[in-house]
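Me: I'd like to learn how to read the inside and the outside of a protein model. Can you walk me through one?

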Amino acid sequence: MLRVLAACGNGMGSSQIIKMRIEQVLKEMGLEYKCDHASVGEAKGQAKNYDLVLVANQLVKEFMNVPETTKIVGLINLLSAKEIKEKVTEALGL
């Protein structure tokens with residue numbers, strides 16, 4: 001099962017909205033997943049427990065010390081299903 005974390009600057013409503021879009025895309029891709037959401041501060045400490053962490057491009061640098069087993073995916077448009085699908089596909093090597 002793919003473990004995914006959606007992170008945003010403060011972890012409030014925007015990460016929940018991003019999480020819902022990610023879930024929609026992963027479901028359409030036919031992947032088995034568990035998706036959570038958090039603020040970037042929380043996500044930095046939790047990232048090692050996930051396969052993928054999706055964040056805004058400008059926040060990727062916050063995850064420099066994450067193990068290589070966790071893929072950090074930076075998004076330009078956090079709500080773009082097309083971009084999420086492309087970047088997840090690339091990160092997972094599908």
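Reply: Sure. Keep in mind that this is a predicted model. Let's start with Leu52: leaving out residues up to four places away in sequence, Leu52 touches Leu2, Arg3, Val4, Leu5, Lys71, Val73, Val88, Ala91 and Leu92.

Me: Which residues of the largest nonpolar core touch the most other members?

Reply: The general idea is that nonpolar side chains tend to be buried together in soluble globular proteins. Here the largest nonpolar core has 15 residues, and those touching the most other members are Val4, Ile22, Leu26, Leu52, Leu54, Ile84 and Val88. At least two residues of this core come from each of β1 (2–8), α1 (13–28), β3 (52–56), β4 and α3. Another core, of 11 residues, lies apart from it, and Ala7, Val40, Ala47 and Val55 are among its residues.

Me: What about a charged side chain: is Lys19 buried or exposed?

Reply: Go by the cut-off, where buried means under 20% relative accessible area. Lys19, found in helix α1, has 15% relative accessibility, so Lys19 counts as buried. Not counting residues up to four places away in sequence, its contacts are Ala6, Cys35, Asp36 and His37.

Me: And the outside? Which residues form a nonpolar patch on the surface?

Reply: That would be Ile17, Met20 and Leu79, which together have about 280 Å² of accessible area. Leu79 sits in the loop between β4 (71–75) and α3 (81–92).

Me: Why does Leu79 count as partly exposed?

Reply: Partly exposed covers the range between buried, under 20%, and exposed, over 50%. Leu79 counts as partly exposed because its relative accessibility is 41%.

Terms used. Residues are numbered from 1 along each chain as its sequence is written. This is a predicted model: local features need pLDDT of at least 70, side-chain atom pairs count only at pLDDT 80 or more; totals for chains, interfaces and linings use all residues. Side-chain values use heavy atoms; hydrogens and water are left out. Patches are made of residues with over 30% relative accessible area and no salt bridge: like charges are joined within 9 Å, nonpolar side chains (Val, Leu, Ile, Met, Phe, Trp, Tyr) within 5 Å. Accessible areas come from the Shrake-Rupley method with a 1.4 Å probe; for residues, only the protein chains shown count as cover. A salt bridge is a side-chain nitrogen of Lys or Arg within 4 Å of a carboxyl oxygen of Asp or Glu. Helices (H or I, at least four residues) and strands (E, at least two) are DSSP runs, numbered from the N terminus. Buried means under 20% relative accessible area, exposed over 50%, partly exposed in between (1.4 Å probe, protein chains only). A nonpolar core is a set of buried Ala, Val, Leu, Ile, Met, Phe, Trp, Tyr and Cys residues joined through side-chain atoms within 4.5 Å. Contact means heavy atoms within 4.5 Å.
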